[in-house]
Amino acid sequence: MNESSALIARLKRIATTGMPTQGDGRADDAWLTQGMAKAQLHEIFTAIDDSASGAGFAVASVLAARAAPVMWLRTEASERQGGRLHATGLVEMGLDVTSLVLGLVEDEADLLRAAADAARCHGLGTLLIESWGRAPGLDLTATRRLMLAAEASGVTILSLRIGAEPVPSAAASRWQVAACRSRPLEADAPGKPAFDIELLRRRGGQAGLRWRVEWDRDAYIFDNTAFDQIAFASGDSATLPGAGVSVAADRAAADDAAASVRRTG
């Protein structure tokens with residue numbers, strides 16, 4: 001039986017028996033140092049104004065999991081809305097851009113087809129699928145297929161949902177990401193990328209947890225101790241300029257920076 005037939009057969013079994021109950025058996029905060037559970041599908045939601053922070057969190061999660069090489073799939077519309085990927089920003093996060101392949105496709109239908117093929121590629125560490133807005137094609141059926149492919153191939157799939165509302169899916173975990181204030185450094189130096197993270201859903205585990213973290217690019221970990229001495233009584237999670245390292249640039253700047261990112265499609 002070929003791979004496609006096997007996938008169809010498994011989907012039919014799931015239709016009658018439900019999704020497997022496999023979950024992340026690690027501690028709730030294991031992602032801080034180990035990244036997200038491998039060989040599963042994870043969703044990252046972020047507002048349009050926080051798109052750079054969502055992308056930065058996705059890249060940092062790849063690095064924390066040591067899950068390169070990476071294939072980043074996005075549509076032409078995504079590139080028009082968010083700008084081209086900024087290689088300098090990716091390097092600042094700690095990513096070796098030679099381990100990144102960028103796939104630019106025409107529309108959502110092509111995005112789903114390319115994702116289905118890439119998810120079965122055993123040579124990948126992570127598949128990052130970027131979508132903007134509702135992206136109705138990323139429904140329960142499509143995410144089930146992606147999850148099954150991830151489990152079979154060992155590829156970790158991150159679905160970066162920008163400006164979208166969570167809908168039912170087969171993802172093992174669902175995250176909400178926003179930028180938060182960086183800690184001030186000496187001589188007014190830019191602070192480290194900082195994120196406000198909420199775990200919305202985790203299969204087989206606790207949800208509704210929240211962290212404020214810094215990305216430590218030298219240790220490849222999310223540091224949640226950095227804010228221990230900062231008062232959060234005001235509940236202010238406002239984004240400050242420079243709170244995160246942008247991995248997207250305007251179209252003019254990106255023309256110069258994107259040359260070091262390999263592209264396909």
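This passage describes the overall make-up of a predicted protein model and then a selection of its residues and salt bridges.

The protein chain contains eight helices and 10 strands. Of its 265 residues, 48% are buried. The chain exposes about 12,300 Å², and carbon and sulfur atoms account for 51% of that area. Contacts were also sorted by the distance along the sequence between the two partners. Among those between residues at least 6 apart in the protein chain, 76% join residues at least 24 apart.

Confidence in the prediction was examined along the chain. The average pLDDT of the protein chain is 84, and 77% of the residues score at least 70. Two stretches with low values are described here. In residues 14–21 the pLDDT stays under 50, and the model gives this stretch 12 contacts beyond four places in sequence. In residues 249–262 the pLDDT is likewise below 50, and this stretch has 25 contacts in the model beyond near neighbours in sequence.

The search for disulfides in the whole structure returned zero. Two cysteines illustrate how exposure varies. C121 has a relative accessible area of 37% and is therefore partly exposed, as the range for that class runs from 20% to 50%. C180, at 1% relative accessibility, is buried because its value is under 20%.

Charged side chains were considered next. Side chains of opposite charge can pair when their charged atoms come close. In the whole structure, 10 salt bridges were found. One of them joins R202 to D28, with the closest N and O atoms 2.4 Å apart. R202 belongs to strand 7 (residues 194–202), whereas D28 sits in the loop between helix 1 (3–17) and helix 2 (31–34), so this pair ties together parts that are 174 residues apart in sequence. The two partners fall into separate accessibility classes: R202 is buried at 10% relative accessibility, while D28 is partly exposed at 31%.

A second salt bridge links R183 and E214, whose closest N and O atoms are 2.8 Å apart. R183 is in the loop between strand 6 (173–179) and strand 7, and E214 is in strand 8 (residues 209–216); the pair is 31 residues apart and links distant parts of the chain. R183 is partly exposed, with a relative accessible area of 28%. E214 is buried, with a relative accessibility of 1%.

A third salt bridge is formed by the side chains of R74 and E79, at 3.2 Å from N to O. Both partners are buried: R74 has a relative accessible area of 2%, and E79 has one of 9%. These two residues also take part in a network of salt bridges that links R74, E79, R84 and E130.

Two residues of helix 3 were examined in detail. The first to be described, S61, lies in this helix, which spans residues 51–64. S61 has a relative accessibility of 4%, which is under the 20% limit, so the residue counts as buried. A polar atom of the S61 side chain lies 2.8 Å from the backbone oxygen of F57. Apart from residues up to four places away in sequence, S61 touches G35, M36, L158 and F222.

V59 is also placed in helix 3. V59 is buried, with a relative accessible area of 3%. Leaving aside neighbours within four places in sequence, V59 is in contact with W72, L90, M93 and L95. For one of these partners, L95, the separation from V59 is 36 residues in sequence and 7.5 Å in space, taken from C-alpha to C-alpha.

The last residue described is T156, in strand 5 (residues 156–162). At 6% relative accessibility, T156 is buried. A polar atom of the T156 side chain lies 3.2 Å from the backbone nitrogen of A39. A39 is also among the contacts of T156 beyond four places in sequence, together with A37, K38, Q40, H42, G125, T126 and L127.

Terms used
Residues are numbered from 1 along each chain as its sequence is written. This is a predicted model: local features need pLDDT of at least 70, side-chain atom pairs count only at pLDDT 80 or more; totals for chains, interfaces and linings use all residues. Side-chain values use heavy atoms; hydrogens and water are left out. Helices (H or I, at least four residues) and strands (E, at least two) are DSSP runs, numbered from the N terminus. Buried means under 20% relative accessible area, exposed over 50%, partly exposed in between (1.4 Å probe, protein chains only). A polar contact is a pair of N or O atoms within 3.5 Å; within protein, one must be able to donate a hydrogen and the other to accept it, and residues adjacent in sequence count only if both atoms are side-chain atoms. Contact means heavy atoms within 4.5 Å. Accessible areas come from the Shrake-Rupley method with a 1.4 Å probe; for residues, only the protein chains shown count as cover. A disulfide is a pair of cysteine sulfur atoms within 2.5 Å. pLDDT is the predictor's confidence in each residue, from 0 to 100. A salt bridge is a side-chain nitrogen of Lys or Arg within 4 Å of a carboxyl oxygen of Asp or Glu.
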